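Thanks for making the time this morning. I would like to walk you through one structure, and I will ask you to keep the picture in view while I talk.

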Amino acid sequence: MKYTIEQIARVSHEACASYQRAIGQEYPHLSWLQVTKETRECTFRGVELVLSGATPAEIHADWIEMRIRQGWKWGHRKSDVARTHPNMIPYEQLPMAERRK
């Protein structure tokens with residue numbers, strides 16, 4: 001059975017959201033059905049990169065670039081309104097819990 005990028009992205013997103021809740025993350029993902037089109041696009045891109053053999057650091061750098069194009073910037077807290085995210089830093093500087101995602 002072959003899975004589509006969308007199917008893989010949805011499962012990946014929900015697994016990440018469950019992990020975030022399990023570690024007590026302050027801003028866990030919403031369910032796949034509640035996220036924005038931008039978030040879905042980032043997830044689709046991430047799946048494509050994983051399937052192409054990209055490293056976690058490459059995937060993270062691509063995510064940052066994509067979010068910058070969408071108007072996001074670094075901030076101490078994630079805010080959909082202010083479009084800030086604390087993970088918009090180099091992969092090597094991410095806490096280990098974030099790298100495990």
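I will go through the helices, then the aromatic residues, and then a few single residues in the loops and in the last helix.

Before anything else, please keep in mind that this is a predicted model, and that what I say about it has been computed from that model.

Let me begin with helix α1, which runs over residues 5-22. At 1.5 Å a residue its 18 residues should span 26 Å, and the C-alpha atoms at its two ends are 25 Å apart, which agrees with that expectation. Which residues of α1 are buried? They are A9, H13, C16, A17 and Q20, and if you look down the axis of α1 you will find that these buried residues fall within an arc of 100 degrees, so they line one face of the helix. As a general reminder, an α-helix has 3.6 residues a turn, so residues three or four places apart point the same way. On the face of α1 turned away from the buried side you will find V11 and A22, which are exposed, while the cover over the buried residues includes α2, residues 37-52. Just after α1 comes G24, with a positive phi of about 75 degrees.

Helix α3, residues 56-69, can be treated in the same manner. Its 14 residues should span 20 Å at 1.5 Å a residue, and its end C-alpha atoms are indeed 20 Å apart, which agrees. The buried residues here are I59, H60, D62, W63, I64, M66 and R67, and among the elements that cover them are α2 and β2. Just after α3 there is G71, which takes a positive phi of about 95 degrees.

Two residues of α3 deserve a separate word. E65 lies in this helix and is partly exposed, with a relative accessible area of 46%; its C-alpha atom is 15 Å from that of E48, and the two residues are 17 apart in sequence. R67, also in α3, is buried, with a relative accessible area of 7%. What does R67 touch, if we do not count residues up to four places away in sequence? The contacts are E38, T39, C42, W72 and M88. With E38, R67 is separated by 29 residues in sequence, and by 8.4 Å in space from C-alpha to C-alpha. As for W72, R67 lies over the face of its ring, at 4.8 Å from the ring centre.

That brings me to the aromatic residues. How many aromatic pairs does a search of the whole structure find? The search returns 1 pair, made by W32 and F44, whose ring centres are 5.8 Å apart and whose planes stand at 65 degrees, so the pair is edge-to-face. W32 sits in the loop between α1 and α2, whereas F44 belongs to helix α2, so the pair ties together parts that are 12 residues apart in sequence. The two partners can also be described by their accessibility: W32 counts as buried at 1%, and F44 counts as partly exposed at 24%.

There is a further arrangement of a charge and a ring to point out, in which the charged end of R99 sits over the ring of Y91, 5.4 Å from its centre.

Turning now to the loops, R83 is placed between β1, residues 73-74, and β2. The phi of R83 is near 60 degrees, which is a positive value in a residue other than glycine, and R83 counts as partly exposed at 23% relative accessibility. Farther along, Q93 is found in the loop between β2, residues 84-85, and α4, residues 96-99. Is Q93 buried or exposed? It is exposed, because its relative accessible area is 55%, and the cut-off for exposed is over 50%. The C-alpha atoms of Q93 and Q70 are separated by 22 Å, with their positions 23 residues apart along the chain.

I will finish with E98, which lies in helix α4 and counts as buried, at 11% relative accessibility. Leaving aside residues up to four places away in sequence, E98 touches Q25, Y27 and N87, and with N87 there is a polar contact of 2.8 Å between the two side chains.

Notes
Residues numbered from 1 in each chain as written. Predicted model: local features only at pLDDT ≥ 70, side-chain atom pairs only at ≥ 80, totals over all residues. Heavy atoms only, no water. Helix = DSSP H or I, 4+ residues; strand = E, 2+ residues; numbered from the N terminus. Expected span 1.5 Å × (residues − 1). Buried < 20%, exposed > 50% of the residue type's maximum accessible area, 1.4 Å probe, protein only. Arc of directions from axis to C-beta. Contact = heavy atoms within 4.5 Å. Polar contact = N/O pair within 3.5 Å; in protein donor to acceptor, adjacent residues only side chain to side chain. Phe/Tyr/Trp six-rings, centres within 6.5 Å; stacked < 30°, edge-to-face > 60°. Lys NZ or Arg CZ within 6 Å of the ring centre and 35° of its normal.
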